[in-house]
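Q: Please take a close look at a single part of this model, the place where protein and DNA meet. Describe that part in one connected account, and then set it beside the contact between the protein chains.

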Number of protein chains: 2
Amino acid sequence: MVTSGKPQNAPERDAESCRLPWPFDVYEAQCPTRMVLDRIADKWAVLILDRLRDGPVRFNHLRRDIKGISQKVLSQTLKKLERDGLLSRAVFPTVPVTVEYALTPLGRTLTDAVAAIAHWAERNMEAVLAAQAAYDARAGGEPG
Amino acid sequence: MVTSGKPQNAPERDAESCRLPWPFDVYEAQCPTRMVLDRIADKWAVLILDRLRDGPVRFNHLRRDIKGISQKVLSQTLKKLERDGLLSRAVFPTVPVTVEYALTPLGRTLTDAVAAIAHWAERNMEAVLAAQAAYDARAGGEPG
DNA sequence: AGGATAGGTTTCCATTGGAAACTAGCTTCC
DNA sequence: GGAAGCTAGTTTCCAATGGAAACCTATCCT
């Protein structure tokens, strides 16, 4: 079990040894920015963060809204986003217990960017579909 | 081999049957927007698209700039982004052959959003690191 | 007691990701 | 003339991840 919070495939020098004089650089392999980029540049994380923009949402509500997400992946993604300080988890001792997820102030600074990604897909879907069709037609039948 | 361009795990009604009266909705499971979101909300795709903002870049140049990406994943990601019409691939018959990747106009409409994601990680890295440390301290030693 | 609801965890298997080796055309070095 | 090196990939192999479905714990309702 790897509950200690550090991925076991990272070469030991993950977050600490990279705090060098230069500003953080996503293009560097071992830089912590990479871990964060890997977290937020993720289909499910994007949808979750976007969904939380209008206020706190409960676990099962998220699960129903974000169609197709599995409970496992939802809970995993929420846990990671919480650990990164992007969202907060509030347990209410109702019955049955209620758990609300909400954006933190830090999370709020990200949601515009994330929402832009999510909704770009909606706005430009037809263009992408057309491009795919064109590409497939070319790849399927054209010699040179 | 699944070179026909359609993922074999998709339930047949992938891109075509979803063009309904309602606008595309990323929250719907079988909607093509999901495929696109899956493509662009991806660590490597984000880095590639961001890297192409300043103009065309060659394959090996991308590989060296985006530290840690493997050739396989780079070529796969480039191929998918090309199919989606986000970038173009230009082969120059130099010697050795040169291949340049560049953003298409459609790709350009995405890069601001994508760059915002990539650089949010750089700007907010310290806050994320602090949040992780706090979370781990709590999870490691606090009873309830 | 049996079923529903809330919020997960566990199990299992297919898909994906990454490291490294290999391909292939052409050039320069020795 | 053959080895090495550049280009841009593909292939192979294995570990890690993702998703579907089952299971779990707790409390209320009937």
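A: In this predicted model, a backbone N or O atom of A:Val99 lies 2.7 Å from a phosphate oxygen of DNA strand C. A:Arg89 also reaches a phosphate oxygen of this strand, here with a polar side-chain atom, at 2.5 Å. B:Lys72 goes to a base instead: a polar side-chain atom of B:Lys72 lies 2.3 Å from a base oxygen of DNA strand C.

The elements that give two or more residues to the surface near DNA strand C come from both chains. Chain A provides α3 (59–65), α4 and β3 (98–103), and chain B provides α2 (43–51) and α4 (71–83). The most residues, four, come from α4(A).

In total, 22 residues surround DNA strand C. The closest of them are A:Gln71, A:Arg89, A:Val99, A:Tyr101 and B:Lys72. On the DNA side, 61% of the atoms of strand C that come within 4 Å of the protein belong to sugar and phosphate. Sorted by class, the protein surface near the strand has nine nonpolar, seven polar and six charged residues.

Now to the contact between the chains. Chain A gives 55 residues to it, and chain B gives 55 residues. Together the chains bury about 5200 Å² between them, and carbon and sulfur atoms make up 67% of that area. Three residues, A:Tyr27, A:Arg83 and A:Trp120, supply 15% of the area that chain A buries against chain B, more than any other three residues.

Polar and charged pairs are also found between the chains. There are six salt bridges between chain A and chain B. In one salt bridge, the side chains of A:Lys43 and B:Asp38 meet at 3.8 Å, N to O. The count of residue pairs in polar contact between the chains, with both residues at pLDDT 80 or more, is 22.

Five helices of chain A give two or more residues each to the side that touches chain B: α1 (32–40), α2 (43–51), α4 (71–83), α5 (105–123) and α6 (125–141). The largest share, eleven residues, comes from α5(A). By class, the side of chain A that touches chain B divides into 31 nonpolar, six polar and 18 charged residues.

The helix α4(A) is thus listed in both places: α4 of chain A is among the elements on the side that touches chain B, and α4(A) gives four residues to the surface near DNA strand C.

Methods. Residues are numbered from 1 along each chain as its sequence is written. Chains are lettered from A and ligands numbered from 1 in the order in which they are written. This is a predicted model: local features need pLDDT of at least 70, side-chain atom pairs count only at pLDDT 80 or more; totals for chains, interfaces and linings use all residues. Side-chain values use heavy atoms; hydrogens and water are left out. Contact means heavy atoms within 4.5 Å. Buried area is the accessible area (1.4 Å probe) that two parts lose on being put together, summed over both. A salt bridge is a side-chain nitrogen of Lys or Arg within 4 Å of a carboxyl oxygen of Asp or Glu. A polar contact is a pair of N or O atoms within 3.5 Å; within protein, one must be able to donate a hydrogen and the other to accept it, and residues adjacent in sequence count only if both atoms are side-chain atoms. Ala, Val, Leu, Ile, Met, Phe, Trp, Tyr, Cys and Pro count as nonpolar, Asp, Glu, Lys and Arg as charged, and the others, Gly among them, as polar. A residue is near a molecule or strand if one of its heavy atoms lies within 4 Å of it.
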